[in-house]
Amino acid sequence: MAVNVFRPLRSHIEADTGASLMLRTPIGEMAIKFCCFSQEPVEDVDSWGESIEKLLESRSGQLAFQEFLKSEYSEENILFWLACEEYKKITSVPEMISMANQIYTEFVQTDSPRQVNIDSGTRSNITNNISEPNLNSFDAAQKHIFSLMSRDCYPRFLKSDIYRAILQKHDNS
């Protein structure tokens, strides 16, 4: 049973800060959730608008972008990109094999729970080489997903209520 903890918090924030109507929308509530419940401090918010690279360099930027992508039902993109970033840091072969199989099962395999939108050639290449993965196994797919996020999702994020609410909260603090 889920308990909605955002109603009392939202009322408290609106009373204390005079928050705009934007914060009373479901998207605004996600921004409030992000700002108020994130374990990471919200830093460099102003730089997020400079480039997707700046956004993704910031842990709080990643979380905000993930919230936005979740609202658009495309959260798998950032989750895949982040998994690939972690994968590249692996130093042991057994760990690399294990994580490669996890990434493949979660994001690449046909009918996977969070299948990313990559072309069939890239998917086939990963499938054919998954038995002997290396640190570059997902590079082509990761670059493609990054490009999709950069050209499509990131511009919408900058115009979103989530980003504007975070900017507003940051500017007011």
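Here are some short exercises, each with a worked solution, on the structure shown above.

The model is predicted, so local features need pLDDT of at least 70 and side-chain atom pairs count only at pLDDT 80 or more, while totals for chains, interfaces and linings use all residues. Residues are numbered from 1 along each chain as its sequence is written, and side-chain values use heavy atoms, with hydrogens and water left out.

**Exercise 1. The overall build**

Find how many helices and strands the protein chain has.

Solution. Start with the rule: helices (H or I, at least four residues) and strands (E, at least two) are DSSP runs, numbered from the N terminus. Applied to the protein chain, this gives nine helices and zero strands. Read from the N terminus, the order is α-α-α-α-α-α-α-α-α.

**Exercise 2. Inside and outside**

Work out what share of the protein chain is buried, and what its accessible surface comes to.

Solution. Buried means under 20% relative accessible area, exposed over 50%, and partly exposed in between (1.4 Å probe, protein chains only). Of the 173 residues in the protein chain, 42% are buried. Next comes the surface, found by the Shrake-Rupley method with a 1.4 Å probe, where for residues only the protein chains shown count as cover. The total is about 9700 Å², and carbon and sulfur atoms hold 50% of that.

**Exercise 3. A closer look at T122**

Locate T122 and decide whether T122 is buried or exposed.

Solution. First, the place: T122 sits in helix α7 (residues 120-129). Its relative accessible area is 14%, so T122 is buried. Now look for its partners, taking contact to mean heavy atoms within 4.5 Å. Setting aside neighbours within four places in sequence, T122 touches A140 and A141. For the protein chain, 60% of the contacts with a separation of 6 or more are between residues 24 or more positions apart.

**Exercise 4. Pairs of opposite charge**

Describe the salt bridges E85–K88, D152–R156 and D161–R164.

Solution. A salt bridge is a side-chain nitrogen of Lys or Arg within 4 Å of a carboxyl oxygen of Asp or Glu. By this rule there are seven salt bridges.

- E85 and K88 are joined at 3.3 Å, N to O. E85 is partly exposed at 26%, and K88 is partly exposed at 35%.
- D152 and R156 come to 2.5 Å, N to O. They are four residues apart in helix α8 (residues 139-159), so about one helical turn separates them. D152 is partly exposed at 40%, as is R156 at 32%.
- D161 and R164 have their closest N and O atoms 3.1 Å apart. These two lie three residues apart in helix α9 (residues 161-172), so they too are separated by about one helical turn. D161 is partly exposed at 23%, and R164 is partly exposed at 41%.

As a last step, salt bridges that share partners link E72, D152 and R156 into one network.

**Exercise 5. A charged patch**

Which residues gather in a patch of negative charge on the surface?

Solution. Patches are made of residues with over 30% relative accessible area and no salt bridge, with like charges joined within 9 Å. Asp and Glu count as negative, and the place of a charge is taken as CG of Asp or CD of Glu. The patch holds D44, D46, E50, E53, E57 and D171. Take E57 as one of them: E57 lies in helix α3 (residues 52-57), and E57 is exposed, with a relative accessible area of 62%.

Definitions and conventions: Patches are made of residues with over 30% relative accessible area and no salt bridge: like charges are joined within 9 Å, nonpolar side chains (Val, Leu, Ile, Met, Phe, Trp, Tyr) within 5 Å.
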